[in-house]
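Me: I should like to learn how charged side chains are read in a protein model. Could we work through an example together?

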Amino acid sequence: MSSPSSSSSQILPPELWDIILDHLHDERSTLLASSLVCRSWVPTCRLHLFPSLSLSPKHIPRAVSIDALLANPHSTIRSAVRALSLPGALSPIQLLHTRNGSILTTFTFAALLPNLARHLPRVTELALSDYPWPLLTSLKTVERLTLTGVCAGPALLRVVDALPLLAELRLENVTAIPYRGGNCGLNEKLRLPTALQKLSIHGSSIAFLGWLESRFAPSLIALSIDTLVSHELHYLGEYLRTVAGTLQELELAFFDVDPLDALALPTLLEPCMNLKILRLHFSSVEDARAFLAFGGQEPCASGIEIEIVAEEGVRIAGDLGALSDQI
């Protein structure tokens, strides 16, 4: 891209140049060249060149270099980063210092990157595989959080309280501390309702759901669970009673097809008077047919749009009974 002449720069306002650069959002080489043309173009180019940042303990020199770059007052990528991925934030890292003799020092990976939270003011999406509390309590702008491989229980409450703008929470392959009732042990002053609207759980037990009742009940509108097993349906039922007033969309994928689950489903959904969409996932149409044939005797509440998602496609109807006739 050639440099704009002085006359064209005066004719076109900055907003139009930004629109032109926005159209190049997937042209990385062009954006790299454009950022060298005009200083006023740099912020828009950086916005499309560095929307996400992924740092891993497998590549420590790169991570440390980026951390130092963020601390530089002349850095142009700090305000561009919207998504941060930091797997293994608490992984132990050993560094050998030899200036005054051999000294072996152990840090966590996150401790080697002190500038992440201070110099990433616009991160709205965060992905972690553990609980680095100093980082979590500093990134107040996070709206979407993915936790992978963590233990879900009381610690999850601290995460929710640390992120006041959290709207979407995704849990993947987590282990669970079952909720047995009673006080969670946290300061009651910290137990405030959150803005979280979407919760998705993948490849995980849902035994921890009771821990989240006081946090998510005021605002949750969408819940998605896959690999759901029959012996954990009561956890789902208890949680649905808590969020029944706001829940509008429920997505379920059963680990295996048990006809008894089909009978239990209408009872579980009975409190959800505002539910609009029920999406059921099956590995095949045959599994869906077997499920619905057994459970169609007890239709769900009227007004719920049911979607059956299988490898052959999607069927939509108004209740389980009517849907069983279509598949």
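Me: With which residue does E307 form a salt bridge, and how far apart are the closest N and O atoms?

Reply: Please note that this is a predicted model. A salt bridge is recognised when a side-chain nitrogen of Lys or Arg lies within 4 Å of a carboxyl oxygen of Asp or Glu. Here E307 pairs with R279, and their closest N and O atoms are 2.8 Å apart. The two partners belong to distant parts of the chain, E307 to strand β14 (residues 305-310) and R279 to strand β13, with their positions 28 residues apart in sequence.

Me: Are E307 and R279 buried or exposed?

Reply: Burial is judged from relative accessible area, and a residue under 20% counts as buried. Both E307 and R279 are buried. For R279 the relative accessibility is 14%, which is why R279 is placed in that class.

Me: Which residue meets R279 in a salt bridge at 3.5 Å?

Reply: The side chain of E251 meets R279 at that N to O distance. This pair, too, links distant parts of the chain: E251 is in strand β12 (residues 249-254) and R279 in strand β13 (residues 277-281), 28 residues apart.

Me: Which residues are joined into one network by salt bridges that share partners?

Reply: The network consists of E249, E251, R279 and E307. In total, the structure holds 6 salt bridges.

Me: What does the salt bridge between E125 and R144 tie together?

Reply: The side chains of E125 and R144 meet at 3.6 Å, N to O. Because E125 lies in strand β5 (residues 125-128) and R144 in strand β6 (residues 144-148), the pair ties together parts that are 19 residues apart in sequence. E125 is partly exposed, with a relative accessible area of 36%; R144 is also partly exposed, at 28% relative accessibility.

Me: How should I read a buried charged residue without a salt bridge, and which side chain of opposite charge is nearest to D130?

Reply: One looks for the nearest opposite charge, and then for polar contacts. D130 is buried and has no salt bridge, and R158, the nearest side chain of opposite charge, is 13 Å away. D130 is placed in the loop between β5 and α7 (133-138).

Me: Which backbone nitrogens lie close to the side chain of D130?

Reply: The backbone nitrogen of A89 is reached at 3.3 Å, and that of L90 lies 3.1 Å from a polar atom of the D130 side chain. Leaving aside residues up to four places away in sequence, D130 touches G88, A89, L90, L147 and V150.

Technical notes:
Residues numbered from 1 in each chain as written. Predicted model: local features only at pLDDT ≥ 70, side-chain atom pairs only at ≥ 80, totals over all residues. Heavy atoms only, no water. Helix = DSSP H or I, 4+ residues; strand = E, 2+ residues; numbered from the N terminus. Buried < 20%, exposed > 50% of the residue type's maximum accessible area, 1.4 Å probe, protein only. Lys, Arg positive; Asp, Glu negative; His and termini not counted. Polar contact = N/O pair within 3.5 Å; in protein donor to acceptor, adjacent residues only side chain to side chain. Contact = heavy atoms within 4.5 Å.
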